[in-house]
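Work through the exercises below with the sequence and the coordinates at hand. Try each task before reading its solution.

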Protein chains: 2
Amino acid sequence: MPQKLIGKLVIATHNAGKLTEMRDLLAPYGVTMIPAADLGLPEPEETGGTFIANAEIKARAAADRANIPALADDSGLCVEALDGAPGINSARWAGPARDFGAAMAKVEQALRAAKASLPFKAHFACALALAFPGGDMHSFEGKVFGELVFPPRGKLGFGYDPIFLPEGYARTFGEMTGLEKHGIPTDGSPGLSHRARAFQIFAQACLGGRTVQ
Amino acid sequence: MPQKLIGKLVIATHNAGKLTEMRDLLAPYGVTMIPAADLGLPEPEETGGTFIANAEIKARAAADRANIPALADDSGLCVEALDGAPGINSARWAGPARDFGAAMAKVEQALRAAKASLPFKAHFACALALAFPGGDMHSFEGKVFGELVFPPRGKLGFGYDPIFLPEGYARTFGEMTGLEKHGIPTDGSPGLSHRARAFQIFAQACLGGRTVQ
């Protein structure tokens with residue numbers, strides 16, 4: 001069993017959307033969240049070849065700089081007909097301006113160029129890595145499968161949410177509230193989003209269940 | 001307690017000297033060692049800011065590619081009067097030809113340029129990271145303190161061994177046999193080298209003690 005987490009935790013992300021989701025997910029636990037930006041921690045280069053490798057690079061850098069445990073997230077959209085692209089390059093497809101409207105258009109163009117046929121199968125993946133200063137690291141991955149729809153639908157969420165229709169649902173992630181998308185059912189059944197699912201595994205392993213309902 | 005290690009283990013290093021030491025250190029345990037090069041695994045870019053971060057990058061890349069647990073090492077020489085240099089750049093100072101004669105001369109020049117006074121305090125650090133495919137990672141660091149001597153002495157070991165005189169010893173690592181340098185005492189007392197010490201912590205946490213004497 002991994003070391004139990006008590007007290008303060010640096011959240012190693014500079015992405016406001018992720019930070020909000022992480023804050024909501026961590027809310028029920030007795031953990032004080034400190035955004036990495038509040039500590040002036042720089043963003044390390046994401047040179048890993050997988051979501052987990054990149055989450056680990058970010059968690060390690062933050063934990064060692066802050067000298068307290070750090071939780072990092074790396075996530076993205078993997079499109080079957082594009083051999084998993086944009087994958088770990090999901091944020092890069094949006095460019096330095098983080099223009100996900102352009103990134104979603106790029107996905108549509110790539111599908112057309114690949115002469116992909118409907119349904120455009122895809123999944124979101126989220127890796128979470130928890131690093132202890134100078135020591136252990138625990139990494140977890142959650143996925144949610146579905147298909148892509150064009151044009152994008154909905155203004156909620158962030159990133160590629162408006163083109164992602166999770167299996168069994170009639171609304172895209174862009175049309176869902178945060179609670180619906182990444183809420184964690186209290187009966188122990190899996191949450192909907194990739195981040196909720198990764199978080200459930202993380203919470204079970206590292207937080208020892210909810211301390212506050 | 002971290003997951004116990006049984007069976008096969010990829011050794012994520014392409015450095016022959018490290019591979020030999022790791023093989024010796026792992027010999028007493030019931031673990032089958034597979035060098036990363038034998039699996040055709042590429043060497044990932046070492047972009048981390050610490051020994052542990054770099055060991056983790058290498059272990060993660062190998063574990064996920066090979067789909068079996070991987071152990072990686074990152075180590076180097078940290079010189080006090082040089083603010084810890086060459087540190088994580090220890091191998092880079094030797095250049096692509098891995099010319100450690102040149103690297104040791106560079107250390108001597110840097111000490112002279114810094115007008116450092118005797119004794120030239122330094123330590124070797126060794127980080128070990130054990131990654132499980134898509135999952136946990138356990139990281140450990142061992143250090144050995146001492147001072148630097150010039151000119152280099154001895155032809156044993158590798159890297160900066162000939163200029164490193166461990167505290168309490170009259171011979172450099174370059175003048176010691178592998179057994180003396182990184183042998184692990186059977187009475188539980190700490191080994192001498194940074195790698196032996198990191199390995200002891202690793203073995204205690206992940207190998208569950210010796211299975212074969």
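The exercises cover confidence, symmetry, the core, one helix, the cysteines and unusual backbone angles.

**Conventions.** Residues are numbered from 1 along each chain as its sequence is written, and chains are lettered from A and ligands numbered from 1 in the order in which they are written. This is a predicted model, in which local features need pLDDT of at least 70, side-chain atom pairs count only at pLDDT 80 or more, and totals for chains, interfaces and linings use all residues; side-chain values use heavy atoms, with hydrogens and water left out.

**Exercise 1.** State where in chain A confidence is lowest and where it is highest.

Solution. Use pLDDT, the predictor's confidence in each residue, from 0 to 100. The mean for chain A is 88, and 94% of its residues reach 70 or more. Helices and strands are DSSP runs (H or I, at least four residues; E, at least two), numbered from the N terminus. Confidence in chain A is lowest in helix H1 (residues 16–26), at a mean of 79, and highest in helix H3 (residues 100–113), at 97. For the complex, the predictor gives an ipTM of 0.71 and a pTM of 0.81.

**Exercise 2.** Determine how chain A is superposed on chain B.

Solution. Superpose by least squares on the C-alpha atoms of residues with pLDDT of at least 70 in both copies. The result is a rotation of 180° with 0.0 Å of shift along its axis, at RMSD 0.0 Å. The two copies are therefore related as by a two-fold rotation axis. Met137(A) is the residue of chain A that comes closest to the axis, at 2.5 Å (C-alpha).

**Exercise 3.** Identify the residues with the most contacts inside the largest nonpolar core.

Solution. Such a core is a set of buried Ala, Val, Leu, Ile, Met, Phe, Trp, Tyr and Cys residues joined through side-chain atoms within 4.5 Å. Buried means under 20% relative accessible area, exposed over 50%, and partly exposed in between (1.4 Å probe, protein chains only). The largest core has 40 residues, and Val10(A) and Val10(B) have the most contacts inside it. Helix H2 (51–66), strand S3 (70–79) and strand S4 (120–131) of chain A, and those of chain B, each supply at least two of its residues. Contact means heavy atoms within 4.5 Å. Not counting residues up to four places away in sequence, Val10(B) touches ten residues' worth of partners, including Ile34(B), Leu41(B), Ala62(B) and Leu71(B).**Exercise 4.** Is helix H2 of chain A largely enclosed or open?

Solution. Twelve of the 16 residues of H2(A) are buried, so the helix is largely enclosed by the rest of the structure. Among the buried residues are Phe51(A), Asn54(A), Glu56(A) and Arg60(A). Next, check the length: the expected span is 1.5 Å times one less than the number of residues. This gives 22 Å for H2(A), and its end C-alpha atoms are 22 Å apart, which agrees.

**Exercise 5.** Why does Cys126(A) form no bond with Cys78(A)?

Solution. A disulfide is a pair of cysteine sulfur atoms within 2.5 Å. The sulfur of Cys126(A) is 12 Å from the closest cysteine sulfur, in Cys78(A), too far for a bond. Cys126(A) is also buried, at a relative accessible area of 0%. Over all chains, the structure holds zero disulfides.

**Exercise 6.** Describe the backbone at Asn67(A) and at Pro119(A).

Solution. Most residues other than glycine have a negative phi, and most peptide bonds are trans. Asn67(A), although not a glycine, has a positive phi of about 60°. Asn67(A) lies in the loop between H2 and S3 of chain A and is exposed, with a relative accessible area of 57%. Pro119(A), in the loop between H3 and S4 of chain A, is joined to Leu118(A) by a cis peptide bond with omega of about -5°.
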